[in-house]
Structures are given as C-alpha cells and as structure tokens.
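Student: I am new to this structure. Could you walk me through the terms used for it?

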Amino acid sequence: MGNADYMQLTIPNYSYVFNFEKTYSYTNSLTWSRSHYPNCFLYCGIYVVLIFGGKHYMSNRPKFNLRSKLALWSAMLALFSIMGFLRTAPEMFHTLRHHGFYYSICSPSYLTQDHVSGFWTFLFILSKIAELGDTIFIVLRKQPLIFLHWYHHTTVLLYSWLCYIETTATGRWYTVMNYFVHSWMYSYYALKAMQFSPPKWVAMLITTLQLVQMVAGCAVTAMSHYYVASGQDDCHVQLYNAKLGMLMYISYFILFSIFFKNSYLSGKRTKNVGKKDYANDKLKAN
C-alpha cells in the first residue's frame, strides 16, 4: 500500500461535529507544536526542581487540606478524559473495522484527515502539561512522592509530543488507551477527594487497566517496529521512535507491577496503609 492510498481511507460519520473541531488544522498545529517542543524539556526540568524543592519546603510545615480543590481538579480531568475518549475512539474502531490492524498502527489518517480525532489528539498532548499539576497536590498535602509518579508524568509529556510532531501512526492507539484509562482514574480520584469510599476492587481494576495499557502499548509499538524494519516504508513510524516507545512501556509495566504488588498483594502494607488513610480522612473531615 503506497502513501497515496492513505488519502483514500474513510473516516467515521460523526453524528455531530463542533465548530472548534471543524476548524482544526493539523498543518497549523504541527508547526506550532514543533516550535514549542523544546520547551517541553524546560517544563520537565522546572517541574522536577519545583516538586522536590516543594517537598523539602513542606518537610517542616503543616500539610494543606485542598480536598475541595483536588475534587474539582480531578473531576475536570475526568470529564476531559471521557470526552476525549468519546471523540477519538470512534475513529480507531472505524479504522480497525474497515481497514484492519496494519492501517491502525501505520496510517496517520487520524491526524491528517479526521478533524475530530486530530483536534482531540492535539488537546491530548497539551493536557500532559496540565497534568503536571497533579503533583502539586501530592507535595502540598505531604503525600508520598514515588518515582513512578513523576517519571511517568515527564516521559509521557515528552514522548506524546514527539509522536505528534512526527505524525506517528501508533499515536492513535496511545491516545485512545490513555483517554480511556484516565477516564476511570480521575473519576476515582474525584470520588475519593469528595470523601466517597469506592471499594478496593475499583482501585485494583484501575491499576490492572494501566497494566493492560502498557502491554497493549508495547505490543502495538513492537509490531510497528517490525513492519518498518521489514521494509514497509508506508508505515509512518520512525524506528528510533518505536524503540523509545517500547523502552518506555516496558519500564511503565515494571513500575506499575511493583506498585500493584505493594499496594494490593502485600497484606501487611495494605492493612497499614488502610489504617493511615482512615486516620488522615478523619483528621481532614474535622
């Protein structure tokens, strides 16, 4: 299949398209994103300095409550993620149904042809900057700042922007999967901040979804690497990009597996953490 054939791919027949989606231009957003990509490294550097500097600053100071603000923040990100999934998933499912798996990881039509999917993919990479704000609540509330948290935030930001500015076809999968998992994750955070107590299995389900996302992401990326390495020059993925993606997803899987084990399979730790969370909730409620 040649590059010209990508232009013949059909897109979903959306029941409604917003005006801001109709006016989206990948060419314009690509120019802007490329010029601002170096700033992402600066943002990540500032982010790391601020969170560890803030952690040191808060070490001898009382923690902030911020429960209502955290609830609002998480609810906003949950609604954004749900909307993002609802607007990008139809394009991926349509591509899989009508054009197959190969096209779904090798054709960048979700960016170059589909205004709806392209717009929400652009918002997706921008949201990775906004999501750095999650750590503010951890630092100011003096909660444990684990390596997985800040490593995940920085690397996702840098890699998602890289995929966008390189018109990486596998970004279709990355975006839809991330929107889906974040819809659950931020909804859970919002409920917890509003002092609801979802059962433990909900938290386990979310972490399991994250692990499944890492496996799927690694598989998709590995397949794109295979296609390009075997001479499929119409597969829009750079080999070094695929290698970075596999390294990233494998590291995520290892870290999330450790988190899952420590959080849900270690009885003593789970019991102690549960008692601590209950005590903290009691204090915050007073």
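Tutor: Let us take a few terms in turn and set values against definitions.

Tutor: This is a predicted model, where local features need pLDDT of at least 70, side-chain atom pairs count only at pLDDT 80 or more, and totals for chains, interfaces and linings use all residues. Residues are numbered from 1 along each chain as its sequence is written, and side-chain values use heavy atoms, with hydrogens and water left out.

Student: Why is the link between Cys 106 and Cys 235 called a disulfide?

Tutor: A disulfide is a pair of cysteine sulfur atoms within 2.5 Å. The sulfur atoms of Cys 106 and Cys 235 are 2.0 Å apart, so the pair fits the definition. A search of the whole structure finds 1 disulfide.

Student: What makes the disulfide of Cys 106 and Cys 235 left-handed?

Tutor: The torsion about its S-S bond is about -75°, so it is left-handed.

Student: How do you know whether Cys 106 is buried or exposed?

Tutor: Buried means under 20% relative accessible area, exposed over 50%, and partly exposed in between (1.4 Å probe, protein chains only). Cys 106 has a relative accessible area of 0%, so Cys 106 is buried. Cys 235, at 6%, is therefore buried too.

Student: Why is Cys 40 not counted in a disulfide?

Tutor: The nearest cysteine sulfur, that of Cys 44, is 6.8 Å away, so the cut-off is not met.

Student: What makes Glu 21 and Arg 87 a salt bridge?

Tutor: A salt bridge is a side-chain nitrogen of Lys or Arg within 4 Å of a carboxyl oxygen of Asp or Glu. The closest N and O atoms of Glu 21 and Arg 87 are 2.7 Å apart, so the pair qualifies. Glu 21 counts as buried because its relative accessibility is 0%, and Arg 87 is buried at 11%.

Student: Which other pairs form salt bridges?

Tutor: Arg 172 and Glu 91 meet at 2.9 Å, N to O, and Lys 128 pairs with Glu 131 at 3.1 Å. The structure holds 3 salt bridges.

Student: Why is Ile 254 called partly exposed?

Tutor: Its relative accessible area is 46%, so Ile 254 falls between the buried and exposed limits. Ile 254 also belongs to a nonpolar patch on the surface with Val 215, Ile 250, Phe 253 and Ile 258. Patches are made of residues with over 30% relative accessible area and no salt bridge, where like charges are joined within 9 Å and nonpolar side chains (Val, Leu, Ile, Met, Phe, Trp, Tyr) within 5 Å.

Note on methods:
Areas by Shrake-Rupley, 256 points an atom, 1.4 Å probe, with all protein chains shown as cover.
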